Amino acid sequence: MEACESHKAVETVFRIERARLIAGLARMVRDVGLAEELAQDALVTALSEWPRTKIPDNPGAWLMAAAKRRAIDALRRRQMLERKHAEIAREMASETDGAHDNSIEEIEAAMDDDIGDERLSLIFTACHPALSTDARVALTLKLIGGLTIGEIARAFLSSETTIAQRIVRAKKTLGSGEIAYEVPRGSERMPRLASVLEVLYLIFNEGYAASTGEDLIRPQLCTEARRLGRILAALMPEEPEVHGLLALMEIQASRLDTRTTPDGMPIPITEQNRARWDRLLIQRGLAALDNAIRLGGANLPYTLQAALAACHARAPNAEATDWRQIATLYDRLRDVMPSPVVDLNRAVAYSMAAGPDVGLELLAALEAEPALAGFMPLHAAKGDFLFRAGRLREAAAEFARAADLSRNEQEKAFLLQRLHQTNSVSGNS
């Protein structure tokens, strides 16, 4: 294997194992910043050693063992408790190359909290009340979701500098020793639940519609968010918003296989092959939605978004979609979760329910919104409204602007394709 290919393979393995690695290390060193550094050190070691040998049969265990060795050195340098030295040293002394196959399972079995999943435990731990809500979410998206600063900034409609500073401050707070680094139990989880749900929501969204890179979707992020959502629903079965978020993720995930062409280009929901939507995921999502409503969450944000997704899932074809009901649901969502993005999606719904001119009227009020300055979806939506209204020259300008703003290669190609189609219809090609 050539060095470049070998390095790519190592980096791919690391992306898969990263969240588990940081979660396990954070439990040992009680410092999320240090845990992230140790995980990165393990990657550097793997990049150096694996091309000369080979990728081990259990790469996750190998990375954990390498990180533990670095943890011992770090703990000594920082003069942490001798008990922690002995604990990690005993684990390392008992590990041999031949025992790597079982080490991850042994780590999971040694967990001392009742959540039952290290990554979900780390999310709850990092969402500490001592941090602001935005800081909790930004830090956890980076640690568990593996999202870049840029991806997190776009999720928050914020600058990369602001997000980077937020994460640095959060790490310092959690590593300061002034607050207890421990997994919350029972009622202690409730003050953190909203932040935990937002983390899962944003991880799923980045997987469903990647903001950067070559691929439009990142299914592994969607799968992980749904897995953690199911664990959380079992852990907190009486919380309606937990079921609401799970419903939203299950229903949205049912469409993943139909969202792109074989070469990765986006397929709008109105053109997707609904016969290929995953009916099992839809059934699971609708059942979770029923649970959320039964528990009194009908007007809570995630439940309303799940109800929006259910409108599409229940329609046998695009023509049967109840856009008026969708527009009404966005009215309700706007009341409980006001945001420029909700307003933009509401405008799209009204454009489908009442015509593109209505959508353009609603967009006009949003174009001066500072949070949407340079926001690609706004220009893409306006281009679509103008195209359907027959204002082709203006539509072409909006598609060109949207393509220029997009940082996802497949999304950009799709917008350029729409630009070409618009110019062809108008005779400007």
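Which residues does L25 touch, not counting residues up to four places away in sequence? In this predicted model, L25 touches R30, A35, L38, A39, M64, A67 and K68 once those neighbours are set aside.

**Overall make-up and cores**

The protein contains 20 helices and 2 strands, and buried residues make up 53% of its 429 residues. Among contacts with a separation of 6 or more, 64% are accounted for by residues 24 or more positions apart. The surface that the protein exposes comes to about 19900 Å², of which carbon and sulfur atoms supply 50%.

In soluble globular proteins, nonpolar side chains tend to be buried together. Here the largest nonpolar core has 90 residues, and the members that touch the most other members are L21, L25, L63, I123, L139, L141 and L232. Helix α1 (residues 3–29) contributes the largest share of this core, with 11 residues. Apart from it lies another core, made of 20 residues, including L344, F385, F399 and A403.

**Helix α11 and its cover**

Helix α11 runs over residues 219–235 and has 17 residues; from its first C-alpha to its last it reaches 24 Å, close to the 24 Å expected at 1.5 Å a residue. Its buried residues are L221, C222, E224, A225, R226, L228, G229, L232 and A233, a list in which the charged residues E224 and R226 appear beside nonpolar ones such as L221 and L228. An α-helix has 3.6 residues a turn, so residues three or four places apart point the same way. What covers the buried residues of α11 includes α6 (118–126), α10 (190–208), α12 (240–253) and α13 (279–294). L232, which is among the buried residues of α11, is also one of the members of the largest nonpolar core that touch the most others.

**Two positions in helix α12 and one in a loop**

Helix α12, part of the cover of α11, holds both P240 and L245. P240 has a relative accessible area of 12% and is therefore buried, since the cut-off is under 20%. Leaving aside neighbours within four places in sequence, P240 is in contact with A292, L295, G297, L300 and T303. L245 is likewise buried, with a relative accessible area of 1%, and, with the neighbours within four places left aside, L245 is in contact with L197, L200, Y201 and Y302.

M337, by contrast, is found in the loop between α15 (323–336) and α16 (340–354), and with a relative accessible area of 25% M337 is partly exposed. Not counting residues up to four places away in sequence, M337 touches P301, Q305 and V342. For each of these three positions, a C-alpha separation to a residue elsewhere in the sequence is listed below.

| Residue pair | Separation in sequence | C-alpha to C-alpha distance |
|---|---|---|
| P240 and D290 | 50 residues | 9.7 Å |
| L245 and Q305 | 60 residues | 8.2 Å |
| M337 and L300 | 37 residues | 8.5 Å |

Q305 appears both as the partner of L245 in the table and as a residue that M337 touches, while L300 is the partner of M337 in the table and a contact of P240.

**Aromatic rings and charges**

A search of the whole structure finds 3 aromatic pairs. One of them joins W50 and W62, whose centres are 5.1 Å apart with 65° between the planes; the pair counts as edge-to-face because that angle is over 60 degrees. The pair links distant parts of the chain, with W50 in the loop between α2 (32–49) and α3 (59–77) and W62 in helix α3, 12 residues apart. W50 is buried, at a relative accessible area of 3%, and W62 also counts as buried, at 16% relative accessibility.

Charged side chains lie over rings at two further places. R166 lies over the face of F156, at 5.5 Å from the ring centre, and the charged end of R255 sits over the ring of W277, 5.4 Å from its centre.

**A positive phi angle**

What is unusual about phi of L157 in a residue other than glycine? Phi of L157 is near 55°, a positive value. L157 is placed in the loop between α8 (149–156) and α9 (160–174), and at 30% relative accessibility it counts as partly exposed.

Conventions. Residues numbered from 1 in each chain as written. Predicted model: local features only at pLDDT ≥ 70, side-chain atom pairs only at ≥ 80, totals over all residues. Heavy atoms only, no water. Phe/Tyr/Trp six-rings, centres within 6.5 Å; stacked < 30°, edge-to-face > 60°. Helix = DSSP H or I, 4+ residues; strand = E, 2+ residues; numbered from the N terminus. Buried < 20%, exposed > 50% of the residue type's maximum accessible area, 1.4 Å probe, protein only. Lys NZ or Arg CZ within 6 Å of the ring centre and 35° of its normal. Expected span 1.5 Å × (residues − 1). Contact = heavy atoms within 4.5 Å. Areas by Shrake-Rupley, 256 points an atom, 1.4 Å probe, with all protein chains shown as cover. Core = buried A, V, L, I, M, F, W, Y, C linked by side-chain atoms within 4.5 Å.
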